[in-house]
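Student: I would like to go through this model step by step, with a reason for each answer. Could we begin with the strands and then turn to a single residue?

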Amino acid sequence: MISSHILDTHLGKPATDVVIKLFDAQEQLIAESKTNNDGRVADFNLSEIQTGQYRLVFYTADYFNRFDLNTFFPKVVIDFSVNDINQHYHIPLLISPFAYSTYRGS
């Protein structure tokens, strides 16, 4: 399973209604979702995942525009590897208008 969440460190709250797109190694869109009120996408409704390379694209500009905040990063792109299809891959994102950070979550 692949999941994600976004926390807005500038405003100190979850980032809601942010579009996240998931691409496979061939750069084909395989899923798309929006973060919920807790800033989360619990899963991308995939019946299965394969080992290989994936890409998450977080469309942050629209989110910051809602608060009349300019952002240096209109989107955040995170490439990651799935090495074991039995594991849960959680990719959190911490954002502010001029910085972002990520890590492998649990």
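Student: How many bridges join β1 to strand β8, and do they run parallel or antiparallel?

Tutor: In this predicted model, the partner strand β8 covers residues 89–96, and one place to look is His-5, which stands opposite Pro-92 in β8. The two strands run parallel, and the number of bridges that join them is seven.

Student: Which residue in β5 is the bridge partner of Ser-4?

Tutor: β1 is also joined to β5, by two bridges, and here the strands run antiparallel. Within β5, the bridge partner of Ser-4 is Val-41.

Student: Is strand β1 largely enclosed or not, and how many of its seven residues are buried?

Tutor: A residue counts as buried when its relative accessible area is under 20%. Strand β1 spans residues 2–8, and it is largely enclosed by the rest of the structure because the number of its seven residues that are buried is six.

Student: Is Thr-35 buried or exposed?

Tutor: Thr-35 lies in the loop between β4 (29–34) and β5 (40–41), and its contacts beyond four places in sequence include Ile-6, Ala-15 and Val-41. Its relative accessibility is 2%, and the cut-off for burial is under 20%, so Thr-35 counts as buried.

Student: Which residue's backbone nitrogen does the side chain of Thr-35 reach at 2.9 Å?

Tutor: The side chain of Thr-35 reaches the backbone nitrogen of Asp-17 at 3.0 Å, so that distance does not fit the question. At 2.9 Å, the backbone nitrogen reached by this side chain belongs to Val-18.

Technical notes
Residues numbered from 1 in each chain as written. Predicted model: local features only at pLDDT ≥ 70, side-chain atom pairs only at ≥ 80, totals over all residues. Heavy atoms only, no water. Helix = DSSP H or I, 4+ residues; strand = E, 2+ residues; numbered from the N terminus. Buried < 20%, exposed > 50% of the residue type's maximum accessible area, 1.4 Å probe, protein only. Polar contact = N/O pair within 3.5 Å; in protein donor to acceptor, adjacent residues only side chain to side chain. Contact = heavy atoms within 4.5 Å. Pairing = 2+ DSSP bridges.
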